[in-house]
Amino acid sequence: MGKSFSVGNRESKLLSKIESSKTRERDRAISAVRDNIESFSNKVSMRLVETGLVETVSKNAIQEQIAKCLETLCRAEVFDIDFKIAPFRTLVASPNVVSLYLTAYIVETLINHKDVIDIFGSDEDIYFCIQKETAALMEKSR
């Protein structure tokens with residue numbers, strides 16, 4: 001049986017601040033992607049192909065699929081985003097929602113695309129490859 005905690009006013013305020021900062025960071029990341037879908041999808045697809053994580057017959061097809069995924073992310077409800085990234089939530093300690101969403105898309109959906117020959121590496125390898133581009137985008141948007 002789990003221990004029950006009584007949350008006081010001070011703890012409640014602290015938990016509220018933590019939750020609102022996570023929400024703000026998520027909104028900021030999605031907003032940065034929304035403003036740069038074409039260039040971001042190009043950079044992510046290029047990096048995935050160059051690092052050998054994705055083997056494909058058409059890099060442009062991969063870029064188009066990633067752009068569509070990002071457009072879906074920008075229009076999705078919070079529940080839909082959380083549902084998509086749920087299996088990958090424990091991949092890293094404090095994940096970026098955009099990188100995690102794209103990782104889930106690549107591992108679960110893009111692998112079945114007709115222009116993808118194979119996807120190599122672990123889920124962490126794919127996440128960190130995408131995270132490098134996401135971090136650069138977030139730094140640029142500040």
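**Exercise 1. How are helix 2 and helix 3 oriented to each other in this predicted model?**

Solution, step by step:

- Start with the general idea: a packed pair of helices is described by the angle between the axes and the distance between them.
- Now look at the pair itself. The axes of helix 2 (residues 37-50) and helix 3 (residues 59-75) come within 8 Å and cross at roughly 130°.
- An angle between 115 and 145 degrees counts as oblique, so helix 2 and helix 3 are oblique to each other.
- The crossing of helix 2 past helix 3 is right-handed.
- Next, find who makes the contact: helix 2 contributes residues including Phe40, Val44 and Leu48, and helix 3 contributes residues including Ile62, Ile66 and Leu70.
- Sorting the contact residues gives 11 nonpolar, four polar and three charged.

**Exercise 2. Which residues of helix 1 are buried, and what do they pack against?**

Solution, step by step:

- Check the helix length. Helix 1 (residues 9-35) has 27 residues, so at 1.5 Å a residue it should span 39 Å; its end C-alpha atoms are 39 Å apart, which agrees.
- Pick out the buried residues of helix 1: Arg26, Ala29, Ile30, Ala32 and Val33.
- Follow them to their partners: they pack against helix 2, helix 3, helix 4 (78-85), helix 5 (97-108) and helix 6 (123-141).

**Exercise 3. Which residues does Glu55 touch, leaving out those up to four places away in sequence?**

Solution, step by step:

- Locate Glu55: this residue sits in strand 1 (residues 54-56).
- Glu55 has a relative accessible area of 35%, so it is partly exposed.
- Glu55 and Asp118 are 63 residues apart along the chain, yet their C-alpha atoms are separated by 5.3 Å.
- The residues touched by Glu55 are Asp115, Val116, Ile117, Asp118 and Phe120.

Definitions and conventions: Residues numbered from 1 in each chain as written. Predicted model: local features only at pLDDT ≥ 70, side-chain atom pairs only at ≥ 80, totals over all residues. Heavy atoms only, no water. Axes fitted to C-alpha atoms, helices over the stretch in contact; angles between N-to-C directions. Helix = DSSP H or I, 4+ residues; strand = E, 2+ residues; numbered from the N terminus. Parallel < 35°, antiparallel > 145°, perpendicular 65-115°, else oblique. Left-handed = near helix turned anticlockwise from the far one by under 90°. Contact = heavy atoms within 4.5 Å. Nonpolar A, V, L, I, M, F, W, Y, C, P; charged D, E, K, R; others polar. Expected span 1.5 Å × (residues − 1). Buried < 20%, exposed > 50% of the residue type's maximum accessible area, 1.4 Å probe, protein only.
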